[in-house]
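Thanks for coming, everyone. Let me put the structure up, and then we will walk through it.

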Amino acid sequence: MKLLRSMLLVGRHAFGRVLRTKRTIFLAFLCALPLLITIAVLPSGPKLKFAYWVNMVLFGYFHVVAGFGALFLGAAVFGDEIEGRTITFLFTRPIPREAYFVARLLGYVFAYAIMITASMAMLAFVLRDRFEIPGRVLWGTIGATCGGFVVYAAILATLRLLTDKAIFVGFLFGAAIEAGLSKIPVTGLSKWSVWHHMAVIQWRLSGTREVGDAAEALVGIAPEETLSGSVTALAVTFAVAVILGVLLVRTRETRVPAAVG
Amino acid sequence: MIATFERVAKWYGHVVGLVDAHVEVGTGVTGLLGPNGAGKSTFLKLLTGQLRPSMGTVRIFEKNPFTTPSILRRIGFLPEPEAFYESQTGRQFVTYLTRLHGFSAGEARRRADDVIERVGLAEAARRPIRTYSKGMRQRIKLAQAMAHDPEVLVLDEPLTGMDPVGRRQTIDVIRELGENGATVIVSSHILHEVEAMTEQLILLYEGRVRAWGTRSEIRSVLDDVPHRIRVGTPRPRELARLLVDSEHLVAVRMDGNSLVIETRNPEAFYDHLPAVVLDEGIPIESVEAEDVGIEAIFEYLVA
């Protein structure tokens with residue numbers, strides 16, 4: 001019970017701190033960008049193909065933001081404490097290191113979930129008179145992007161325990177994997193692409209043809225791919241990343257000063 | 001013993017942090033002394049479970065601190081680096097870290113207030129840490145280390161950046177903790193600071209424990225280095241003539257109104273001196289061992 005209380009405390013602390021960082025402000029801006037553009041172009045409504053715009057934003061843009069957001073926020077899950085050297089305060093408390101890892105990851109993910117949900121909900125609200133976004137499309141998109149973000153963030157947080165250059169390595173491999181794998185149908189390597197599964201989840205949750213067409217065109221979803229299959233794939237990837245992170249953090253030492261002393 | 005190091009070594013790649021350290025630490029204040037880069041921080045991080053030894057075993061309360069986080073409930077640590085959650089107030093900082101020891105919010109706040117008062121930061125407790133001076137930062141670090149009433153307090157260079165009043169107060173707090181039965185391990189590269197806090201020492205140099213024990217114990221085992229004793233007398237020349245034949249004397253030198261004696265057997269000298277001066281009626285104003293100070297011991301050890 002005490003451990004859970006401490007984890008909640010660490011998660012809340014991480015959430016409070018991540019909201020104040022510059023990278024979060026940048027990410028909030030990225031999340032709000034479609035909303036800002038929509039507000040800007042709304043007066044010229046008839047010229048804008050809203051259905052196309054909404055599909056593109058809902059399907060593509062937020063998925064990309066999830067990946068970029070995870071690059072910065074995920075790598076910072078432990079990176080903030082390592083670089084700030086405040087990790088020494090945490091590692092000298094009677095709490096297992098893995099509890100910090102999980103609690104901080106959840107705190108950061110929660111911060112992103114709030115940003116993405118708020119942005120999409122406002123987008124739907126602003127567009128309500130011109131193009132009604134069905135609730136299930138909205139929730140499908142929120143679910144898919146948050147799910148994808150959680151998985152990306154767990155991978156990046158774990159990667160940060162392995163290397164100080166997690167953002168660079170994550171970007172390099174992420175871009176290569178996602179650009180290459182997500183286009184290969186389910187029978188092939190696309191099973192390893194987070195983005196691919198985000199698309200499947202969004203498509204299946206929203207259940208609309210437009211989203212389905214866009215998904216099929218962009219990431220090559222096969223008709224037989226199911227919601228449960230993709231949720232399972234993401235859950236397994238998340239579990240593997242977290243387990244690996246937990247194993248790494250258990251043996252993690254605090255940073256050694258430049259002049260060994 | 002509270003803590004033991006058994007043949008402990010720690011390497012950072014090719015860089016040596018600590019080599020073959022074999023030390024036992026008991027209650028009271030122990031000074032960890034050595035120049036920058038001697039391995040003090042490595043020693044303290046090993047002791048508090050932040051680092052895993054490359055070789056050997058570290059035990060505190062009979063447990064391995066790296067693999068047994070629960071033992072950290074009994075330990076308080078003041079780290080040397082300037083690292084804070086800058087936007088937090090001093091009170092929030094101490095409360096948060098105290099809560100991680102399992103205290104409720106109310107209890108943690110009460111403890112934070114008490115300990116902040118004790119380190120003399122009550123007036124600044126509600127200000128963000130980013131507005132604190134270096135000395136205040138040291139004090140708030142000390143507060144977070146003490147708030148949960150640990151049995152062992154590990155302090156890495158706690159006096160760095162403090163003004164003279166702050167130093168005095170912190171030294172008093174450390175001494176008081178030691179006198180009340182706590183175990184305090186405090187590192188410093190400034191000899192007189194350690195000397196003001198404790199007799200019990202661990203001397204580190206280039207990653208090696210050169211000596212450990214009380215100052216006089218360490219000095220006494222330096223057999224190959226003669227002990228220097230200063231005898232104040234108005235008749236130094238006469239006293240020198242009387243002492244020069246003693247077999248345990250290595251050297252005798254006059255320095256104004258005093259005689260500086262070097263001997264390999266100070267006990268024998270102290271026994272011999274009264275007899276000589278009483279027989280000849282030579283007045284003695286003072287007798288002082290000159291090289292039991294940490295500085296002298298350290299010079300001998302690293303020479």
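One term before we start. A polar contact is a pair of N or O atoms within 3.5 Å; within protein, one must be able to donate a hydrogen and the other to accept it. Keep that in mind for the first residue. And please note that this is a predicted model.

Start with B:Trp212. It sits in strand E9 of chain B, residues 208-214. What does its side chain reach at 2.9 Å? The backbone oxygen of B:His22. That distance falls within the 3.5 Å cut-off. B:His22 also appears among the contacts of B:Trp212, with B:Val23, B:Glu24, B:Leu201, B:Ile202 and B:Ile218. That list leaves aside neighbours within four places in sequence. B:Gln200 is 12 residues from B:Trp212 in sequence, and the two C-alpha atoms are 7.6 Å apart. Is B:Trp212 buried or exposed? Neither label fits: B:Trp212 is partly exposed, because its relative accessible area is 36%, and that class lies between 20% and 50%.

Now B:Glu193. Look for helix H6 of chain B, residues 191-197. B:Glu193 counts as buried because its relative accessible area is 5%, and the cut-off is under 20%. Its side chain has a polar contact with the side chain of B:Ser188, at 2.9 Å. Beyond residues up to four places away in sequence, B:Glu193 touches B:Leu159, B:Arg167 and B:Ser188.

Step back to chain B as a whole. Chain B holds 10 helices and 13 strands. Its C-alpha trace spans about 75 × 45 × 30 Å along the principal axes. There are 303 residues in chain B, and 55% of them are buried. Take the contacts in chain B between residues at least 6 apart in sequence: 67% of these join residues at least 24 apart. The chain exposes about 13300 Å², with 47% of that supplied by carbon and sulfur atoms.

Next, the empty space. Rolling a probe the size of a water molecule over the atoms shows where such space is left.

Pockets come first. The largest pocket holds about 870 Å³. It is lined by 30 residues, and A:Tyr152, A:Ile155, A:Gly174, A:Glu178 and A:Val194 are the closest to its centre. Helices H3, H6, H7, H8 and H10 of chain A each give two or more residues to that lining. Which of them gives the largest share? H7(A), with nine residues. By type, the lining has 22 nonpolar residues, six polar and two charged.

The second largest pocket has a volume of about 450 Å³. Of its 18 lining residues, A:Arg12, A:His13, B:Gln88, B:Gln92 and B:Tyr96 lie nearest its centre. H1 of chain A gives two or more residues here, and so do H2 (90-99) and H3 (105-118) of chain B. This lining divides into four nonpolar, seven polar and seven charged residues.

Last, the cavities. How many of 30 Å³ or more turn up in the whole structure? Four. Look at the second largest cavity, with about 50 Å³ of space. Its lining is A:Lys2, A:Arg5, A:Ser6, A:Leu9, B:Arg99, B:Gly102 and B:Phe103. Helix H1 of chain A, residues 2-18, gives the most, with four residues. The split is two nonpolar, two polar and three charged.

That is the tour. Questions are welcome.

Terms used
Residues numbered from 1 in each chain as written. Chains lettered and ligands numbered in written order. Predicted model: local features only at pLDDT ≥ 70, side-chain atom pairs only at ≥ 80, totals over all residues. Heavy atoms only, no water. 1 Å grid on protein atoms, 1.4 Å probe; cavity = no way out; pocket = protein on both sides within 12 Å on 5 of 7 lines; lining within 4 Å. Points joined across faces, edges and corners; volume = space filled by probe spheres on them. Nonpolar A, V, L, I, M, F, W, Y, C, P; charged D, E, K, R; others polar. Buried < 20%, exposed > 50% of the residue type's maximum accessible area, 1.4 Å probe, protein only. Contact = heavy atoms within 4.5 Å. Areas by Shrake-Rupley, 256 points an atom, 1.4 Å probe, with all protein chains shown as cover.
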